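The following exercises are to be worked through with the sequence and the structure at hand. Each task is followed by a solution in steps.

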Amino acid sequence: MVTLSEKILGAQAGTYVDRKVDKAFCHDGTGIQAKIIYDAIGAPGLANPDAVYVIYDHIAPANNSQTAELQAELRTFAEKNGAHFREIGSGICHQVMAEGLVHPGEIVIGADSHSCTLGALGAFATGVGASDMAGIWVSGETWLRVPDSIGLHLSGSLKAGVEWKDVALSYVAELGMDGGTYAALEFTGEAAPSVPMEGRLTLCNMAVEAGAKTGLFYADTETRRYLAGYSVPCHMQIPENPVYVRECDLDLSSLEPVCAVPHRVDTIQPVSQLAGIALDQVFIGTCTNGRFEDLARAARILKGHRVKVRTIVVPASERDYLQAITTGVAADLVKAGCIMGPPGCGPCLGAHMGVLGEGEVALSTANRNFKNRMGVGASYYLCSPSTAAASALAGEIADPREVL
Ligand SMILES: CC(C)[C@H](C(=O)O)[C@@H](O)C(=O)O
Ligand code: SF4
């Protein structure tokens, strides 16, 4: 009668606990703020430098001198204090941590709201603000209220042209933007073991868009297969008849390609009904959908054709980028007219490399379409990599099932 969160945190839902943090990561944005608070506390050093990661991804490379100077300051801090530092171009913090650094059963805290992504590995992973991160640097621990859990039971299999992103957008729409507030979403059911790791990362990534504390998959043979690629051993996690405060059934076979429409992540419409909406920009990337598999899906549609609208592709990590290069996926994308950016967040949060102008309309594989996020006065739809690719070819929103 124990949920995975209760098991990992070692206490019943509702209990407040202090716990040692196994991995604590931040990026160039939140790391700077955490350092200001850490300096004010005046601690003698990091309590557990080996658990601390500083990963440059948000405005990477820097967009102006002030950003560059702040980044230089945090870089020096990380190096002096013995933290793990990942330079610009390494990739988005969540993806970098997913590449063999996070293990099932760990407590993983990131100074970024999408840290829930790492629940895909059977870890308890959640986001905190900069002050909590500074607290972890000082003490090596954090406090948490053990969350209640919502069971999301997956059954059936995806039809052609429907992707994990469509599942993610569909479950967020089902729960609503605050429907999972402070809960842990446990992905279970007969179809869960067959969800590949890249799909698990996409599904857990969007848990916070339903207000959830985290999303989790039980570590199973897929987790073991994935971690073996990083020479990381994996202990399986067996569900112990968890009790959920709410249960949702998601029949994968019943889903179709969807978009979240401006300006809410939980408001979706079938792509077929949006077809024909003219676009100014398509963006394929982010911690939701910038992995190699996502780039390959887009390339499958774009290969041998030419995009009709500016299309920016940003790999989630150096590893994803290299894989796209060695497999020819990157060449297919560039030959199709896509602009490839360095691994990182790219234009996701409207800070650089593809900011939209007033009145512009974009389609993005990201997880948020909040008003003014990618550019003041712009509007954007969220979708899967295949929908993004099909739409890039058409210059307007298009159904991927028509070109597959
Ligand atoms: C900048 C950062 C704090 C923010 C987050 O926490 O999610 C960003 O990554 C985002 O996606 O909006
Ligand atoms: S890719 Fe986007 S959503 Fe993910 S961490 Fe970066 S800014 Fe946030």
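UniProt positions are given here in the numbering used for this chain, and such annotations may be inferred rather than shown by experiment. The model itself is predicted.

**Exercise 1. The annotated positions**

Task: Identify the residues that UniProt lists for "binding site", and establish how far they spread in sequence and in space.

Solution. Step 1: the UniProt entry, which is unreviewed, lists C287, C345 and C348 under "binding site". Step 2: these positions are spread over 62 residues of sequence, yet they cluster in space, with a largest C-alpha distance of 9.4 Å. Step 3: C287 is placed in helix α10, which covers residues 286-289.

**Exercise 2. The ligand shells**

Task: Determine which residues surround ligand 2, and to which domains the shell belongs.

Solution. Step 1: the domain assignment divides the chain into domain 1 (16-145), domain 2 (149-254) and domain 3 (258-398). Step 2: the shell around ligand 2 consists of H58, I92, D112, H114, T286, C287, C345, C348, L349, A366 and N367. Step 3: domain 1 and domain 3 each supply at least three residues to this shell. Step 4: by class, the shell around ligand 2 has six nonpolar residues, four polar and one charged. Step 5: C287, C345 and C348, listed by UniProt, are among the residues around ligand 2.

Task: Carry out the analysis for ligand 1, giving its shell and the residue classes.

Solution. Step 1: ligand 1 is surrounded by G29, T30, H58, D112, S113, H114, G127 and L349. Step 2: this shell divides into one nonpolar, six polar and one charged residue. Step 3: H58, D112, H114 and L349 appear in the shell of ligand 1 and also in that of ligand 2.

**Exercise 3. Domain 1 against domain 3**

Task: Describe the contact between domain 1 and domain 3.

Solution. Step 1: the C-alpha centres of the two domains lie 27 Å apart. Step 2: 16 residues of domain 1 are in contact with 15 residues of domain 3. Step 3: on the domain 1 side, the touching residues comprise five nonpolar, nine polar and two charged.

**Exercise 4. The sheet of β2 to β6**

Task: Give the strand order of the five-stranded sheet and name its edges.

Solution. Step 1: the order is β4-β3-β2-β5-β6, in an open sheet with parallel pairing. Step 2: β4 (84-86) and β6 (124-127) are the edge strands, each pairing on one side only. Step 3: neighbouring strands are turned by 15° against each other on average, direction ignored. Step 4: within the sheet, β2 (residues 23-27) and β5 (residues 107-110) pair over three bridges, and F25 has G110 of β5 as its bridge partner.

**Exercise 5. The sheet of β8 to β11**

Task: Explain why one side of β10 and one side of β11 have no neighbour in the sheet.

Solution. Step 1: the four strands form an open, parallel sheet in the order β10-β9-β8-β11. Step 2: β10 (214-217) and β11 (246-251) are at the edges and have a single partner strand each, so one side of each remains without a neighbour in the sheet. Step 3: from one strand to the next, the twist averages 25°. Step 4: β9 (residues 184-188) is joined to β10 by four bridges, with L185 opposite G215. Step 5: helix α7 (residues 197-205) lies across β9 and β10, at about 155° to β10.

Definitions and conventions
Residues are numbered from 1 along each chain as its sequence is written. Chains are lettered from A and ligands numbered from 1 in the order in which they are written. This is a predicted model: local features need pLDDT of at least 70, side-chain atom pairs count only at pLDDT 80 or more; totals for chains, interfaces and linings use all residues. Two strands pair if DSSP finds at least two bridges between them. Helices (H or I, at least four residues) and strands (E, at least two) are DSSP runs, numbered from the N terminus. Axes are lines fitted to C-alpha atoms, for helices over the stretch in contact, and angles run from 0 to 180 degrees between N-to-C directions. Two residues are in contact if their C-beta atoms, placed from the backbone, lie within 7 Å. Domain bounds come from an automatic or database domain assignment. Ala, Val, Leu, Ile, Met, Phe, Trp, Tyr, Cys and Pro count as nonpolar, Asp, Glu, Lys and Arg as charged, and the others, Gly among them, as polar. A residue is near a molecule or strand if its C-beta atom, placed from the backbone, lies within 6 Å of it.
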